[in-house]
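Open the model in your viewer and keep the selection box ready. Each stop below says what to pick and what is there.

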Amino acid sequence: MINNIVQLLRPAHWVKNFFVFIPLVFSGAFIKFDAIIDASLAAILFCLASSVVYIANDIHDVESDRRHANKARLRPLASAALSVKAALYTLFIMLGIICVAGFMLFPDVLYVLLGYIALMLTYTWYLKYQPVLDIFTIAIGFVLRIYAGAIAIDVPVSPWTFVTALSLALYLAAIKRRQELILHGSESREVLNHYTESLVTRFAEIAATSALVFYSIYVLSSRPELIMTIPIVLFGLFRYWYIVESFDSGESPTEAIFKDYQLVLTVLVWIATTVFLIWKN
């Protein structure tokens with residue numbers, strides 16, 4: 001049962017919550033121990049919040065997941081390895097932990113967490129059926145992660161950071177929809193009936209271009225010492241699209257990234273280079 005509950009929480013997807021650390025890195029606050037601790041605690045709370053959303057989504061989609069080849073096998077509720085009642089208990093326990101811990105540690109971050117959960121629950125019950133809105137809702141979730149990280153360590157964040165993160169998340173979400181449409185057709189997700197492969201491909205191209213442009217503007221206007229990281233970002237965008245096209249990845253961005261050693265190395269090099277250059281200056 002424990003293994004099934006762990007699968008329900010989807011810890012492999014917690015890597016998305018590293019967006020919480022972006023304000024820590026770009027503000028240069030990573031040299032402060034207290035800031036590292038606060039950012040880490042905020043990231044942990046966001047991991048719990050995202051798991052609450054995953055559980056609620058699995059409960060809502062249990063019947064449709066049973067008609068999906070992979071989800072019927074891999075998701076505990078769809079495979080009947082775990083009951084909906086047990087999932088509900090887990091959800092309420094985690095929600096209680098978030099509220100208590102958030103109130104004690106970061107009351108202002110708690111508002112962001114609850115806002116994120118409310119947005120994602122609205123997504124589960126309504127927004128994911130609305131074309132374009134579904135993609136933007138997912139992307140806004142990443143922006144909220146950055147906002148929570150900034151509040152936790154009390155630092156300002158450049159508007160260019162937010163818009164870059166939004167564009168990058170839109171890029172990944174659009175490719176996710178594209179691959180779902182290609183690999184499983186419109187039957188796998190209701191909103192896919194409103195999309196075509198060429199449409200979501202154009203969405204992804206616009207978002208990728210926007211992410212690169214906005215990141216470059218941020219670097220040139222606020223962090224010129226990071227100019228050498230722009231080619232690294234460009235390579236990462238190219239490489240991700242390559243593995244999507246060549247290996248039919250991208251339905252799960254997390255899995256697509258971690259299955260390609262060059263992409264993992266690109267992310268690590270970008271992080272190391274960014275931290276070093278900010279620390280040096």
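Select Phe26, Tyr218 and Trp270: together they form one aromatic cluster. The model on your screen is predicted.

Now keep just phenylalanine 26 and tyrosine 218. Their rings make an edge-to-face pair, with centres 5.5 Å apart and 85° between the planes. That angle is over 60°, so the pair counts as edge-to-face. Colour by element and look at where the partners come from. Phenylalanine 26 belongs to helix 2 (residues 22-26) and tyrosine 218 to helix 10, so the contact links distant parts of the chain, 192 residues apart. Are these two rings buried or exposed? Phenylalanine 26 has 11% relative accessibility and therefore counts as buried. Tyrosine 218 is also buried, at 6%.

Next, select the aromatic residues. The structure holds ten aromatic pairs. Zoom in on one of them, phenylalanine 18 with phenylalanine 21. The ring centres are 5.6 Å apart and the planes meet at 35°, so this pair is tilted. Turn on the surface and check phenylalanine 18. Its relative accessibility is 52%, so phenylalanine 18 counts as exposed; the cut-off is over 50%.

Go on to the core. Which residues have the most contacts inside the largest nonpolar core? Select Leu24, Phe46, Ile55, Ile98, Tyr116, Tyr171 and Tyr240. The core has 85 residues. Then highlight helix 3 (residues 33-60), which gives the most to this core, with 13 residues. In soluble globular proteins, nonpolar side chains tend to be buried together.

Now look for a pocket. Select Phe136, Leu170, Phe203, Ile206 and Ala207. Of the 13 residues that line the second largest pocket, these lie nearest its centre. Which elements give two or more residues to this lining? They are helix 8 (133-153), helix 9 (159-184) and helix 10 (197-222). The volume of the second largest pocket is about 210 Å³. Colour its lining by residue type: eleven residues are nonpolar, two are polar and none is charged.

Move to arginine 145 and show its side chain along with phenylalanine 142. The charged end of arginine 145 sits over the ring of phenylalanine 142, 4.7 Å from the ring centre.

Pick isoleucine 151 next. Isoleucine 151 is in helix 8. At 25% relative accessibility, isoleucine 151 counts as partly exposed. Draw a distance from its C-alpha to that of valine 132. The two are 19 residues apart in sequence and 29 Å apart in space.

Finish with two loops. Which backbone angle should you check at arginine 10? Look at phi: it is positive, about 55°, although arginine 10 is not a glycine. Arginine 10 lies in the loop between helix 1 (2-9) and helix 2. With a relative accessible area of 14%, arginine 10 is buried, because buried means under 20%.

Then jump to aspartate 154, in the loop between helix 8 and helix 9. Aspartate 154 has a positive phi of about 55° too, and is not a glycine. Is aspartate 154 buried or exposed? Aspartate 154 has a relative accessible area of 69%, so it is exposed.

Note on methods
Residues numbered from 1 in each chain as written. Predicted model: local features only at pLDDT ≥ 70, side-chain atom pairs only at ≥ 80, totals over all residues. Heavy atoms only, no water. 1 Å grid on protein atoms, 1.4 Å probe; cavity = no way out; pocket = protein on both sides within 12 Å on 5 of 7 lines; lining within 4 Å. Points joined across faces, edges and corners; volume = space filled by probe spheres on them. Helix = DSSP H or I, 4+ residues; strand = E, 2+ residues; numbered from the N terminus. Nonpolar A, V, L, I, M, F, W, Y, C, P; charged D, E, K, R; others polar. Core = buried A, V, L, I, M, F, W, Y, C linked by side-chain atoms within 4.5 Å. Buried < 20%, exposed > 50% of the residue type's maximum accessible area, 1.4 Å probe, protein only. Phe/Tyr/Trp six-rings, centres within 6.5 Å; stacked < 30°, edge-to-face > 60°. Lys NZ or Arg CZ within 6 Å of the ring centre and 35° of its normal.
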